[in-house]
Amino acid sequence: MAASTPLLKDELDIVIPTIRNLDFLEMWRPFFHPYHLIIVQDGDPSKTIKVPEGFDYELYNRNDINKILGPKASCISFKDSACRCFGYMVSKKKYIFTIDDDCFVAKSPSGEDINALEQHIKNLLSPSSPFFFNTLYDPYREGADFVRGYPFSLREGVSTAVSHGLWLNIPDYDAPTQLVKPRERNTRYVDAVMTIPKGTLFPMCGMNLAFDRELIGPAMYFGLMGDGQPIGRYDDMWAGWCVKVICDHLGWGVKTGLPYIWHSKASNPFVNLQKEYKGIYWQEELIPFFQSVVLPKECTTVQKCYIEISKQVKAKLGKVDDYFIKLADAMVTWIEAWDELNLLRTTGRLPNGTAK
């Protein structure tokens with residue numbers, strides 16, 4: 001049963017990237033119906049996407065993106081789920097939950113439908129503990145607390161910027177693992193949430209994800225992927241690496257674990273291998289790069305942090321491939337577009353101070 005008064009009803013948008021009719025929303029209706037949806041249509045903008053009746057939503061296609069962002073639309077990926085980050089940019093809410101259209105309501109071990117959105121909200125509204133690991137995982141959860149030896153000075157915790165959910169059924173594997181384990185399914189439901197420790201990176205999956213847009217939104221850029229780019233399927237991971245480095249610098253938390261969704265459709269591993277091929281090589285350079293990123297004290301906002309990372313991407317990863325020079329430029333364009341849209345909406349003025 002959905003809660004009688006939905007949590008954060010007027011403070012959260014649900015962002016969905018899609019190329020097809022959104023029939024999957026019927027299963028989610030009890031949980032999603034009170035919330036506003038932002039649908040980002042990928043692919044052919046002349047195609048009509050059908051949304052089940054009764055949902056409050058706005059839908060953007062490529063023509064809309066080009067019209068709203070103008071030349072800066074070049075930073076939004078085409079023919080890739082990375083297009084979802086446009087929805088983050090145009091949202092007017094404090095929180096974002098994003099989900100893929102092949103994700104369905106999972107059941108708990110006791111057979112109850114899992115309200116993934118509600119669990120994400122609980123994760124975001126409770127503190128994180130990135131500076132000292134609690135062996136009982138999330139100490140802020142009902143029925144848990146800090147264990148003996150946990151410093152009292154750290155027990156207040158810090159703001160949670162990201163809630164990263166997991167999946168039952170089809171695992172989020174890369175193409176080589178898909179090819180060698182085509183029948184593998186995730187059936188393990190681990191009833192736990194944990195804060196990812198400071199200094200530790202993780203592979204962020206965008207299909208079941210929530211975040212505090214006001215805290216970390218400008219860093220949730222899913223990069224240049226898909227059509228016209230040499231790489232795909234690294235969009236959410238790129239965002240996750242940038243986000244984690246910035247959260248570590250600014251002192252915020254990232255949680256992973258509950259909630260689970262039911263991932264119903266395995267993508268084609270041969271197609272995925274084509275998209276991931278360069279990324280599989282490049283990630284061996286990317287991980288050490290992000291592990292070594294140091295942000296100066298002057299980087300006191302997410303935007304400043306992100307621009308600094310883009311400079312380091314250009315200087316260091318640009319030597320790996322020219323793609324990263326292009327990506328670094330797109331990161332700057334993204335921040336410019338974010339600031340322009342959001343400052344104009346809140347103040348009526350552009351970043352340079354002029355009225356529009």
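Reader: What makes K255 and D138 a salt bridge?

Author: In this predicted model, the closest N and O atoms of K255 and D138 are 3.2 Å apart. The cut-off for a side-chain nitrogen of Lys and a carboxyl oxygen of Asp is 4 Å, and 3.2 Å is within 4 Å, so the pair counts as a salt bridge. The two residues belong to distant parts of the chain: K255 is in strand 9, whereas D138 is in the loop between helix 4 and strand 6, 117 residues apart.

Reader: Why is K255 called buried?

Author: The relative accessible area of K255 is 0%. Buried means under 20%, so K255 is buried. The partner D138, at 9% relative accessibility, counts as buried by the same reasoning.

Reader: How do you know whether E214 is buried or exposed?

Author: E214 has a relative accessible area of 57%. Exposed means over 50%, and therefore E214 is exposed. K94, with 22%, falls in between the two limits and is partly exposed.

Reader: What joins E214 to K94?

Author: Their side chains meet in a salt bridge, with 3.6 Å from N to O. This pair also links distant parts of the chain, since E214 is in helix 6 and K94 is in the loop between helix 3 and strand 4, 120 residues apart. Together with D212, these residues are linked in a network of salt bridges.

Reader: Why does R62 have no salt bridge?

Author: The nearest side chain of opposite charge, D42, is 5.9 Å away from R62. A salt bridge requires a distance within 4 Å, so R62 and D42 do not form one. R62, found in helix 2, is nevertheless buried. Its side chain reaches the backbone oxygen of A73 at 2.9 Å, and a polar atom of the R62 side chain lies 3.0 Å from the backbone oxygen of I76.

Reader: What makes the pair R233 and E276 a polar contact?

Author: The side chains of R233 and E276 are joined at 2.5 Å. The limit for a polar contact is 3.5 Å, so the value of 2.5 Å meets it. The C-alpha atoms of R233 and E276 are separated by 6.3 Å, although the residues are 43 apart along the chain. The side chain of R233 also reaches the backbone oxygen of Y173 at 3.1 Å.

Reader: Why does V180 count as exposed?

Author: V180 has 64% relative accessibility. The limit for exposed is over 50%, so V180 counts as exposed. With L179 and F270, V180 forms a nonpolar patch on the surface.

Methods:
Residues are numbered from 1 along each chain as its sequence is written. This is a predicted model: local features need pLDDT of at least 70, side-chain atom pairs count only at pLDDT 80 or more; totals for chains, interfaces and linings use all residues. Side-chain values use heavy atoms; hydrogens and water are left out. Patches are made of residues with over 30% relative accessible area and no salt bridge: like charges are joined within 9 Å, nonpolar side chains (Val, Leu, Ile, Met, Phe, Trp, Tyr) within 5 Å. Accessible areas come from the Shrake-Rupley method with a 1.4 Å probe; for residues, only the protein chains shown count as cover. Buried means under 20% relative accessible area, exposed over 50%, partly exposed in between (1.4 Å probe, protein chains only). Helices (H or I, at least four residues) and strands (E, at least two) are DSSP runs, numbered from the N terminus. Lys and Arg count as positive and Asp and Glu as negative; His and the chain ends are not counted. A polar contact is a pair of N or O atoms within 3.5 Å; within protein, one must be able to donate a hydrogen and the other to accept it, and residues adjacent in sequence count only if both atoms are side-chain atoms.
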